[in-house]
Amino acid sequence: MTETIPGPPGLPILGNAMDVDPANAIMSLGLLTDTYGPIFKLTLAGREKLYIGSVELMNEICDEKRFAKIVHGPLEQVRTGVADGLFTARPGEEAWAIAHRTLMPAFGPLPIQSMFDEMHGIACQLVVKWARFGPNEKINVTDDFTRLTLDSIALCAMGTRFNSFYHDEMHPFVAAMVDFLVESGQRAGRLPLANYFRRTAQQKYDADIALMKKVATDLIAERRANPTDKKDLLNAMLHGRDPKTGQALTEDSIKNNMITFLIAGHETTSGLLSFLFYNLLKSPASYQAVQREVDDVIGNNPITIEHMSKLPYIDACLRETLRLTPTAPAFSVSIRPDSTEESTFIGGGRYEVKKGQPMTVLLPKIHRDPLVYGPDADEFKPERMLPEAFSKLPPNSWKPFGNGSRACIGRPFAWQEAILAVAMLFQNFDFRMEDPSYQLEIKTTLTLKPKDFYMRANVRAHIDPDYLEKTLYVAPSKDSKATNKHLNDKAVTTTGGTKKPMSIFYGSNAGTCEALAQSLARTASSRGYEPHVNVLDSAVNKVPSDQPVILICSSYEGQPPDNAAHFVEWLQNLKGSKMLGVKYAVFGCGNRDWASTFHKVPLLLQSGFEESGAEKIADIGLGDVAGGDIFGDFDKWQDENLWKALGGNADEQEAGIDVEVDTSSRRSRLRQDVKEAIVLSNELLTTEGEPEKRHIALKLPTGMEYKVGDYLAVLPLNDTKNVRRVLKWASLPHDATLTIKSGSNTTLPTGHPISAVDVLGAYVELGQPATRKNIIKIASSCTDEKKRAEIMKLAGDDFEREVMLKRRSPLDLLEEYPSAAGLPLGDFLAMLPPMRIRQYSISSSPLADPTTATITWSVLDTPSKAASSKRFLGVASNYLSSLEEGDRMHVAVKPSHGHFHPPKDIENTPVIMICAGTGLAPFRGFAQERAMQIKGGRKLAAAYLFIGCQHPQKDVLFSNELRQWEKDGVVEVFYAFSKAKEQSKGCRYVQDRVWEERERMREVFDQGAKLYVCGSNTVGEGIGVMIKKIYEEATEARGKSKTDEEIESWFQDIKSNRYASDVFA
């Protein structure tokens, strides 16, 4: 039975032009696929077009007996520059057939193998450049891979050298090509009349085409003036003959295909390599597997053509990268022009397709079809692309090079070039991201590339940089190999003097462990050491053996921080006693609320070093952030364990920060790991007299994307009241500036003046409880002996009761004891941890608006326990509360770990969501996404939402929205009111309501439902207990009683795939 093909309603004249973002059309079309399903229609430029997003339909339309590639949309515009070149020729154009038959032999196995030496020579230029840059140079990944691939196609196919690695600027062809492709894409979305009025854009477009044609003309003229018998692509175009007709390519066809090959021959491959390195740096296990394969197959020897077929894992990584991010992300087909039918049907007769109607294949969605690639289709897993698994994929489920006779002719060239580049780079370098928290952003022309992706390259430990260039061609001699000791010396630099070297490596996402590392560095400096602080990933293959090595690291749901993931993976794969002579100590941060993974990574570091032969300096230190005194825990471990073992003058105190005060100028510096969002609205959700819960809508920065279940990280500012308190204590005017001396062990800006208000407002945590060391430092500056004794008591037995429980900060103590006014400002700043980002669950869906995200939160504003006259203000919650429409704030999207996203198979997998308070936030996003999908005509499995709050008239969030969604069949809602339980079936807490509805929910769970929990750790624990209780009752009813151990085992098992929780303190 025929079904109506869904799609968003259009506007008069414009059609659906407003539904597709011209700057990121593929992302827009992907969201429309999520909304409307595997086929939908849009009216663009007055023409109805279909879009395909499933393997089932893809397999059907790849039948070349029924359908043929068509050129329309952006490709139609590209014809302006390259006419009937191989990529843009229309079906039936004779020029395409002649060129295709003539040039196919140039891409056979032997000609491609003959290009190896030239490819290798260009790749060597890249290796040498990165080696000379050194480990501290930021590498623009896409730029350098563009240089590599452009120079390779120019040399191998056309015998010319662009020498891109020897110029700061790209070859002019690249800029002209990029602008040409961008404008072609934009012109496709405009009405023809609109282009008439864009005179400047037209002039630039014409100039870009002229430049590309000039490059092609010059290359042809150069070859004709200096002929060669080289069997390359250019000679094939100039001298080849069509084996069928005997015709040669026309002059115009040669130029058109020269430009086509220069564009297609480098643009997509540079994108592939860039995406691959992003994926490998985000997947340490795959990264290590690539490096092991290179070491096993090639070792230290020069790479040869024989190695190319012996690297199956690299091959799989390239395939998997093209699955996730096909650099040519779409192609279009239609009913064959020679067909006698005016329409046909696809999808088992469900959908009618008319003759001449374009069908665009959306490869990023087809390649992530969960029916083929499973629920983890969005994850990078090269193992699914290894030869045996790849051979079992359904037909037409992996199509990054196009289809049939119109598939990419240059695939063998690109594949050999990519494998060679990856093997050479991994043979010679260790890599790490410039910013480990970077999340992929896509730059779209007609192809896809990562945007703003940078990394660092460090020559590997067994390679001597002085001999690197030579070893690319000749196997290194024993004398030229670097020893581990030699490289360990280079791994940590010291600045001389009589101080001893020390390496401090940290893994940190939120900044706490980095602050501890900087604090330790200041203390170490005062104890006769020259500390070097860096991220753990910088120590891969470079753990020094001639100095103490201190590791400070946290766990995130059992996973290492972003800047420690590669080190942990490397450590887990070490064999034998590779760390003999290394002396180390470990301090770990954890959160006891995640009991099953508490301190998992620090303990792994401890055991990994021990098993690899390293010598422990001191017992491991373990701190608990949930206890509220992680800095005190760290100080205690330093004093009682680390420094006792290392020695040094115990009377020396931690060094402060050397600060100059300047009241005549000011300057601010923003953090770089977040971007500006604009506040659209800020709404109070609760009634007067109730604790504030708010909902803020933000216009996201261009290019920032998110999925339902993700977090929004917010970089807050301290409340101005607290900043004024510091200025008053320090006797500073409001416009004072500070200059923090370069070389200070601090995360604060150094070396230039910066406003004191900016430092205190944006860079430090003013409310962090004082540590014992902070208190001792404050006491030492007190001039009143009686008061000094009082302060010292706070560092002793009174510490827990009077400081930690009351959350008294250094500022609180300095205000309380004015006689401690002699404390230097630098010492005060050294006590303050750096400002941390705060993560909030996103409470919206990109299907509603991909440019907007919302968060929903509780405002923390309570009486201070330190003094009844003061208020304790949550830093981020009050900062967010103060924002108004039009304000700008700094945010970053952080992906949710684990399974906290809607199921892939939404048509067949029910969902049960349980929350309390603002734990509703992510589930509002879940429900909004479902509402958009149902509105688009999709048939979804059922959804159930359990909500705990206090009173139906006071703090029910989004009540009108949820009522409407219930009416629309989006979700069924169950409430538990703690202060009005008579209105919720006698259920006070949300877990009680789950128990009340257990019979129904058990049936839903048995149907394959996924269960999600969000709320405080108390809610998480309560729900966990209740779920186990329901399971226990069910097993008893079936006569199969379980022990407590069996019930816990079952619970842990479902947490791996069907139970996702997001709990907070």
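This tour moves through a predicted model stop by stop, naming what to select and what is found there.

Residues are numbered from 1 along each chain as its sequence is written. Local features in this predicted model need pLDDT of at least 70, side-chain atom pairs count only at pLDDT 80 or more, totals for chains, interfaces and linings use all residues, and side-chain values use heavy atoms, with hydrogens and water left out.

**Confidence**

Begin by colouring the chain by pLDDT, the predictor's confidence in each residue, from 0 to 100. The average over the protein is 89, and 94% of the residues score at least 70. Next select residues 479–496, where the pLDDT is below 50 although the stretch has 35 contacts in the model beyond near neighbours in sequence; a contact here means heavy atoms within 4.5 Å. Residues 662–672 also stay under 50, and for these the model has 31 contacts beyond four places in sequence.

**The largest nonpolar core**

Select W130 and F431, the residues with the most contacts inside the largest nonpolar core, which has 114 residues. Such a core is a set of buried Ala, Val, Leu, Ile, Met, Phe, Trp, Tyr and Cys residues joined through side-chain atoms within 4.5 Å, where buried means under 20% relative accessible area, exposed over 50%, and partly exposed in between, with a 1.4 Å probe and protein chains only. Helix α12 (residues 251–282) gives the most to this core, with 13 residues; helices (H or I, at least four residues) and strands (E, at least two) are DSSP runs, numbered from the N terminus. Around W130, not counting residues up to four places away in sequence, the residues touched are I139, D144, F145, L425, F429, F431, M455 and A457.

Now display the aromatic rings. Rings of Phe, Tyr and Trp (its six-membered ring) pair if their centres lie within 6.5 Å, with planes under 30 degrees apart counted as stacked, over 60 as edge-to-face and the rest as tilted. By this rule there are 36 aromatic pairs. One of them joins F277 and F431, whose ring centres are 5.2 Å apart and whose planes stand at 85°, so the pair is edge-to-face. Because F277 lies in helix α12 and F431 in strand β9 (residues 429–433), this pair ties together parts that are 154 residues apart in sequence. Both F277 and F431 are buried. Widen the selection to W130, F145, F277, Y287, F426, F429 and F431, which ring pairs link into a cluster.

**Two sheet regions**

Stay with β9 and show its sheet, an open one of three strands in the order β4-β12-β9 with antiparallel pairing. Strands β4 (139–140) and β9 stand at the edges, each with a single partner strand, so one side of each is left without a neighbour in the sheet. Between β4 and β12 (residues 454–459) there are two bridges, and two is also the least number that DSSP must find for strands to count as paired. N140 is the residue to pick in β4 for this pairing, with Y454 of β12 opposite.

Move then to strand β5 (residues 330–335), where five of the six residues are buried, so the strand is largely enclosed by the rest of the structure. Three antiparallel bridges pair β5 with strand β3 (residues 67–69), and K69 has V333 as its bridge partner in β5. Four bridges join β5 to strand β8 (residues 359–362), again antiparallel, with A330 opposite L362 in β8.

**A buried arginine**

Which helix holds R147? R147 lies in helix α7 (residues 141–158), and at 6% relative accessibility R147 counts as buried. A polar atom of the R147 side chain lies 3.1 Å from the backbone oxygen of S164. Leaving aside neighbours within four places in sequence, R147 is in contact with K129, S164, F165, H167, D168, E169 and M170.

**Loops and a further helix**

Select N396, in the loop between α17 (387–391) and α18 (411–428), where phi is near 65°, a positive value in a residue other than glycine. At 19% relative accessibility N396 counts as buried.

Finish at helix α27 (residues 772–780), in which K773, N774, I775, K777, I778 and A779 are buried. Their cover includes α21 (512–526), α24 (630–646), α28 (785–794), α29 (799–804), α30 (810–816) and α31 (825–831).

Terms used
Polar contact = N/O pair within 3.5 Å; in protein donor to acceptor, adjacent residues only side chain to side chain.
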